[in-house]
Amino acid sequence: KVQQNTVNITDVNERHTQLNLYWKGYTESIAKTDLTSASINIAMDQAVLQASFQAFATISSLKLTDYIR
């Protein structure tokens with residue numbers, strides 16, 4: 001039982017170390033983000049999403065009789 005607890009604690013410590021490194025790297029990448037570039041990317045993504053919604057709305061409003069004409 002003691003051996004298993006030791007193994008569990010070691011596993012938890014290793015996982016904690018991995019997560020700590022992950023979050024440090026993630027935080028650094030956020031801090032180094034170019035705000036102008038990020039804003040441009042968001043605007044382009046928003047335009048694509050809006051166009052997709054409009055296309056879906058148009059397609060959804062079509063009926064079989066629209067194709068027969």
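**Charges.** I began with the charged side chains of this predicted model, and I noted that the mean positions of the 6 positive and 6 negative charges of the protein lie 8 Å apart.

**Confidence.** Before going further I looked up how far the predictor trusts its own coordinates, and I found a mean pLDDT of 89 for the protein, with 97% of its residues at 70 or more. Among the elements, helix H2 (residues 35-61) has the highest mean pLDDT, 92, whereas helix H3 (residues 64-68) has the lowest, 72. I keep in mind that predicted coordinates should not be read in detail where pLDDT is low.

**Elements and overall form.** I counted 3 helices and 0 strands in the protein, and reading from the N terminus I wrote the order down as α-α-α. I then checked the radius of gyration, which is 26 Å for the protein, although a compact globule of 69 residues would have a value near 11 Å. Taken along the principal axes, the box filled by the C-alpha atoms is roughly 80 × 40 × 10 Å. For one pair of residues I also looked up the separation: threonine 10 and lysine 63 are 53 residues apart in sequence, and their C-alpha atoms are 63 Å apart in space.

**Surface.** I asked what share of the 69 residues is buried, and the figure came out at 0%. The accessible surface of the protein amounts to about 6600 Å², and 63% of that area belongs to carbon and sulfur atoms. As a single example I took threonine 10, which is found in helix H1 and which counts as partly exposed because its relative accessibility is 36%, a value that falls between the 20% and 50% cut-offs.

**Aromatic rings.** I next looked for ring pairs, for which the centres must lie within 6.5 Å, and the count came to 3 aromatic pairs. One of them joins tyrosine 22 and tyrosine 26, whose rings are 5.9 Å apart centre to centre with 20° between the planes, and this pair is stacked. The two tyrosines, tyrosine 22 and tyrosine 26, are separated by about one helical turn because they stand 4 residues apart in helix H1 (residues 2-31). Tyrosine 22 is partly exposed at 47% relative accessibility, and tyrosine 26 is partly exposed as well, with a relative accessible area of 40%.

Another pair brings in tryptophan 23, and here the ring centres of tryptophan 23 and tyrosine 26 are 5.6 Å apart with the planes at 90°, so I recorded the pair as edge-to-face, given that planes over 60 degrees apart count as such. Tryptophan 23 and tyrosine 26 both lie in helix H1, 3 residues apart, which is again about one turn of the helix. Tryptophan 23 counts as partly exposed, with 47% relative accessibility.

Which residues do the ring pairs link into a cluster? My entry reads Tyr22, Trp23 and Tyr26.

Technical notes:
Residues numbered from 1 in each chain as written. Heavy atoms only, no water. Rg over C-alpha atoms; globule rule 2.2 N^0.38 Å. Buried < 20%, exposed > 50% of the residue type's maximum accessible area, 1.4 Å probe, protein only. Areas by Shrake-Rupley, 256 points an atom, 1.4 Å probe, with all protein chains shown as cover. Lys, Arg positive; Asp, Glu negative; His and termini not counted. Charge placed at Lys NZ, Arg CZ, Asp CG, Glu CD. pLDDT = per-residue confidence, 0-100. Phe/Tyr/Trp six-rings, centres within 6.5 Å; stacked < 30°, edge-to-face > 60°.
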